[in-house]
Amino acid sequence: MKPRVGWIGTGVMGRSMAGNLLHAGYPVTLFTRTREKAVPLLDVGGEWKDSPAEVAAASDIVFLTVGYPADVREVVFGPNGVLAGFAGGRQRTESPVLVDMTTSSPALAAEIYDEARSRGICSLDAPVSGGDVGAKNGTLSIMAGGDESVFRRIVPLFDVLGSKAVYQGKAGMGQHTKMVNQILIAGNMAGMCEALLYARRAGLDMDRVMNSVAAGAAGSWSLSNLAPRILRGDFAPGFFVEHFIKDMKIALDEAERMNLRLPTLDLVHRLYERLAALGGGRLGTQALIRALDGLTEDDPI
C-alpha cells in the first residue's frame, strides 16, 4: 500500500505538487491557511484537516510548502504543529517523515532535524527549483538534506514531483544547495532583463532576437520560460518577488556568516527591493524589468 501523505501549503507551487501525488494514487490529507485554495485538490480526492497537527496525525509522510522560515517554525514546532501531531497520531510500521520543501534557513533545517530525531521522527529539507511550470509538469529539481536512508525512502514520491532528486548531505545541505540555485538565478534574471531592455532600445525585433540568443551560449531556463512572458506583458507569479527577496536575504546572511562577499547578489537583492517598493511584491520574478526600466545614473542603487 502507498504511504499516507500529508500536505501543508497549497499556493502556486504546492497546489500542483500535491495534485501530482493525488493523481499518482497517493492518499493525501491537506491543510492550508485559506481553505478555498485547497478546494481543487479536495474535488479530486484530497481530504481536509483543520490543522497541521491533524494532518500529521493522519499521515506517514508530511510535506511542507509554506512561505517563510517563520511559517515553517510555526507549522513544525507550534502546539498545533506537525511534530505534535505525529506524536499523537496513527500507528505506523516506520518512523514518520517530515519533508520541508520550503526554501528556508539551513540553520532552521538543522534545528528541525535535531528536534524531530529526539522524538523518533525523521526529517528532510528538500527545497525545489523549476517554478510553477516544473510543479505542474512534475519536472522539479529537488535538493535534499538529512539522512540518506530517509532520502531513499522518499525517492518514489520525489519521482512523482520532479525529474531529478539529489541527496546533498546532512540536514541543512538541501537549503544550502537551494541558495546556490537562487544566487545563479539572481544574476541570470538581472542580465536577462537588462538584455531585453537593450534590445528594445536598439529597435531590434524581439522575437528574432530571442530566436538567436536562446539557442546559443546565453540560453537559460529563465530566458526560455520567463522572457516570453515579459514580452507578452505577463507578470503573473510563477514565483513571487517577495519570496525571492526572502531567499536572497537568506543567502546574503549565510554568506556573511561564512565571511564571503557576494556583490552581484547584493545588487540584485536591492533591485528587487526597489521593485517591491513600487508595489511589485506579489508579481512574478520576471517583473524585475519594471525596476530596471527607466533607471538613470542618479538612481541610488
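This passage describes the surroundings of one threonine and the packing of one pair of helices. The model is predicted.

Thr65 sits in a loop. Strand β4 (61–64) precedes this loop, and helix α4 (69–77) follows it. The relative accessible area of Thr65 is 13%. Thr65 is therefore buried, since the cut-off for that class is under 20%. Its side chain has polar partners. A polar contact of 3.1 Å joins the side chain of Thr65 to the side chain of Trp7. The backbone oxygen of Gly9 is 2.7 Å from a polar atom of the Thr65 side chain. Trp7 and Gly9 also appear among the residues in contact with Thr65 when neighbours within four places in sequence are set aside. The others in that set are Ile8, Gly14, Met17, Met101 and Thr102.

The second site is a helix pair. Helix α9 spans residues 173–201, and helix α13 spans residues 241–257. Their axes lie 9 Å apart and meet at an angle of about 115°. Angles of 65 to 115 degrees count as roughly perpendicular, so α9 and α13 fall in that class. The crossing of α9 past α13 is left-handed. From α9, the contact draws on His176, Met179, Gln182, Ile183, Ile185 and Ala186. From α13, the contributors are Phe244, Asp247, Met248, Ile250, Ala251, Glu254 and Arg257. Sorted by class, the contact of α9 with α13 holds 8 nonpolar, 2 polar and 3 charged residues.

How values were computed
Residues are numbered from 1 along each chain as its sequence is written. This is a predicted model: local features need pLDDT of at least 70, side-chain atom pairs count only at pLDDT 80 or more; totals for chains, interfaces and linings use all residues. Side-chain values use heavy atoms; hydrogens and water are left out. Helices (H or I, at least four residues) and strands (E, at least two) are DSSP runs, numbered from the N terminus. Buried means under 20% relative accessible area, exposed over 50%, partly exposed in between (1.4 Å probe, protein chains only). A polar contact is a pair of N or O atoms within 3.5 Å; within protein, one must be able to donate a hydrogen and the other to accept it, and residues adjacent in sequence count only if both atoms are side-chain atoms. Contact means heavy atoms within 4.5 Å. Axes are lines fitted to C-alpha atoms, for helices over the stretch in contact, and angles run from 0 to 180 degrees between N-to-C directions. Angles under 35 degrees count as roughly parallel, over 145 as roughly antiparallel, 65 to 115 as roughly perpendicular and the rest as oblique. A crossing is left-handed if the near helix is turned anticlockwise from the far one by less than a right angle, and right-handed if clockwise. Ala, Val, Leu, Ile, Met, Phe, Trp, Tyr, Cys and Pro count as nonpolar, Asp, Glu, Lys and Arg as charged, and the others, Gly among them, as polar.
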